[in-house]
Amino acid sequence: MRNLILRPDTEIDWRAYMEQIEQYVGGERDYVKIRGGTGPLVYPAAHVHIYHALYSLTSQGRDIQLAQIIFALIYLTTLVVVMACYRQARVPPYVFPLLVLSKRLHSIFVLRCFNDCFAVLSLWIAIYCYQKRAWTLGSIAYSWGLGVKMSLLLALPAVGVVLLQAIGANRALKQALLMGQLQVVIAWPFLSINARSYFSRAFEFTRQFLFKWTVNWRFVGEDVFLSKSFSITLLAAHAILLALFASTRWLEPSKRSIPEVFRMIFDPPAAQAQQELSRRVTPRFVITTILTANAAGMPCARSLHYQFYSLIAWATPFLLWRAGFHPVLQFALWAMQEWAWNVYPSTDSSSKIVVGVLAVTVAGIWVGTRNDNKQEAQHSHFE
């Protein structure tokens, strides 16, 4: 590349992003042939479009100070959206300071310039739109974020549950088709050249993770970490958690079991019944369901890298509050999590705390939301 000048603490992925975009600008459209210093391009097409724009704005990636200013604005924009989502869910004021205190989160956005920042912003915009019942805008925002990084797939089951209960099977299907169509549109420059190449890189589910970068499972040792049995165990644990939350929490508005909900897809309820069901899909239910799905997937991920904290940091204060923990315990768990994610490289102790806090959060949210349906009904009655 041409005289790319970076500060050492910002160099991790930015240089690789710019090297990859330079190949894209040069006309390369086959995903398997686009590479950077850290390896091949492994993110979906929205990532390419965003960093192509940044490539142009920052003098082909050389103006890192301008890039950091842009990412600082992205951070502030995301923070505003997060606070708006919290407000919609009637989160008490004492929780809000935790949204601005994370050193690691500041690093991810302003120093590292990771693409996770754009994915997270899109996810929170989607949550806010769904809370405001702007279903199409929410689906576009979510699909765009998924087009930046496939980690947003963790929230997909919850998005489907929210849409199905809020707008019914027919309209929910249209939203799903819209999301799929947007993925095709943004990826078309690559799909038209080599579709198999694109999907094998952008949505690679068989990717082998390196033990040296894991933040969460270091304490199990490299042999266990790399074993197939460990991978299968985590996958099974994730499936069990999703089934547990779906059957006991996420379908509460419909008052149906999982098999009954599947039947509802083919035999939709009457219009009046659907309206009553839709009213029970409240702003608090929307954010709780989506963030819970994300949180349930995190401890089951074989390797969380530091940038994944962007998906956790702004969700944790809300989930700890919804778990019903005492405020002192909420702040203590948040502080433990923040400390662990700031340990570099990760250690056995820090990874145990990462997994432990995630596990306590998931268990707490399951227990703390057991009476949600009654509480939401009371709120709806007084509105």
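This tour goes through a predicted model, from the whole chain to single residues.

**The whole chain**

Begin with the full chain in cartoon view, where you can follow 17 helices and two strands. If you turn the model along its principal axes, the C-alpha atoms fill a box of roughly 65 × 45 × 40 Å. A compact globule of 383 residues would have a radius of gyration near 21 Å, and because the chain has 21 Å, it agrees with that expectation. Of the 383 residues, 54% count as buried, and among the contacts in the chain with a separation of 6 or more, 76% are between residues 24 or more positions apart.

Next, switch on the surface, which comes to about 17,200 Å² of accessible area, with 64% of it belonging to carbon and sulfur atoms. If you then colour the charged side chains, you should find 35 positive and 21 negative ones, and the centres of these two sets lie 5 Å apart.

**The nonpolar cores**

Hide the surface and look inside. In soluble globular proteins, nonpolar side chains tend to be buried together. In this chain the largest nonpolar core has 115 residues, and to find your way into it you can select Tyr51, Tyr86, Trp124, Tyr130, Tyr142 and Trp314, which have the most contacts inside it. Then select helix 7, residues 156-202, since the largest share of this core, 18 residues, comes from there. Apart from this core lies another one, of seven residues, and you can locate it by selecting Leu98, Leu320, Ala323 and Trp334, which are among its members.

Which residues does Trp314 contact, leaving aside its neighbours within four places in sequence? Show its side chain together with those around it, and you will find Tyr75, Thr78, Leu79, Val82, Tyr86, Leu99, Leu105, Phe109, Val120 and Trp124 in contact with Trp314.

**Along helix 9**

Now select helix 9, residues 228-250, and pick out Leu234 within it. Is Leu234 buried or exposed? Its relative accessibility is 7%, and since buried means under 20%, Leu234 counts as buried. Beyond its neighbours within four places in sequence, Leu234 is in contact with Trp217, Pro299, Cys300, Ala301 and Arg302. For one of these, Arg302, you can draw a distance in the viewer: the two residues are 68 apart in sequence, while their C-alpha atoms are 7.1 Å apart in space.

Stay in helix 9 and move to Leu241, which is in contact with Ala296, Cys300 and Val362 when neighbours within four places in sequence are left aside. Cys300 therefore deserves a click of its own, because it is in the contact lists of both Leu234 and Leu241. A distance from Leu241 to Ala323, 82 residues away along the chain, comes to 16 Å between C-alpha atoms.

**Loops with special backbone angles**

Most residues other than glycine have a negative phi, and most peptide bonds are trans. Three places in this chain are worth selecting with that in mind.

- Ser59, in the loop between helix 2 (45-57) and helix 3 (64-88), has a positive phi of about 55 degrees although it is not a glycine, and with 38% relative accessibility it counts as partly exposed.
- Arg133, in the loop between helix 5 (116-131) and helix 6 (135-146), has a positive phi of about 65 degrees, and it is not a glycine either; its relative accessibility of 36% makes it partly exposed.
- Pro345, in the loop between helix 15 (327-341) and helix 16 (348-368), is joined to Tyr344 by a cis peptide bond with an omega of about -10 degrees.

**Two last stops**

Select the two strands, strand 1 (35-36) and strand 2 (39-40), and look for Gly37 in the loop between them. At 64% relative accessibility Gly37 counts as exposed, and, not counting residues up to four places away in sequence, it touches Ala16 and Glu19. Its C-alpha atom is 7.3 Å from that of Arg15, which is 22 residues away in sequence.

Finally, return to helix 7 and select Arg171, which is partly exposed, with a relative accessible area of 46%. Draw one more distance from Arg171 to Trp135, 36 residues away along the chain, and you will find their C-alpha atoms separated by 9.5 Å.

Methods
Residues numbered from 1 in each chain as written. Predicted model: local features only at pLDDT ≥ 70, side-chain atom pairs only at ≥ 80, totals over all residues. Heavy atoms only, no water. Core = buried A, V, L, I, M, F, W, Y, C linked by side-chain atoms within 4.5 Å. Buried < 20%, exposed > 50% of the residue type's maximum accessible area, 1.4 Å probe, protein only. Helix = DSSP H or I, 4+ residues; strand = E, 2+ residues; numbered from the N terminus. Contact = heavy atoms within 4.5 Å. Rg over C-alpha atoms; globule rule 2.2 N^0.38 Å. Areas by Shrake-Rupley, 256 points an atom, 1.4 Å probe, with all protein chains shown as cover. Lys, Arg positive; Asp, Glu negative; His and termini not counted. Charge placed at Lys NZ, Arg CZ, Asp CG, Glu CD.
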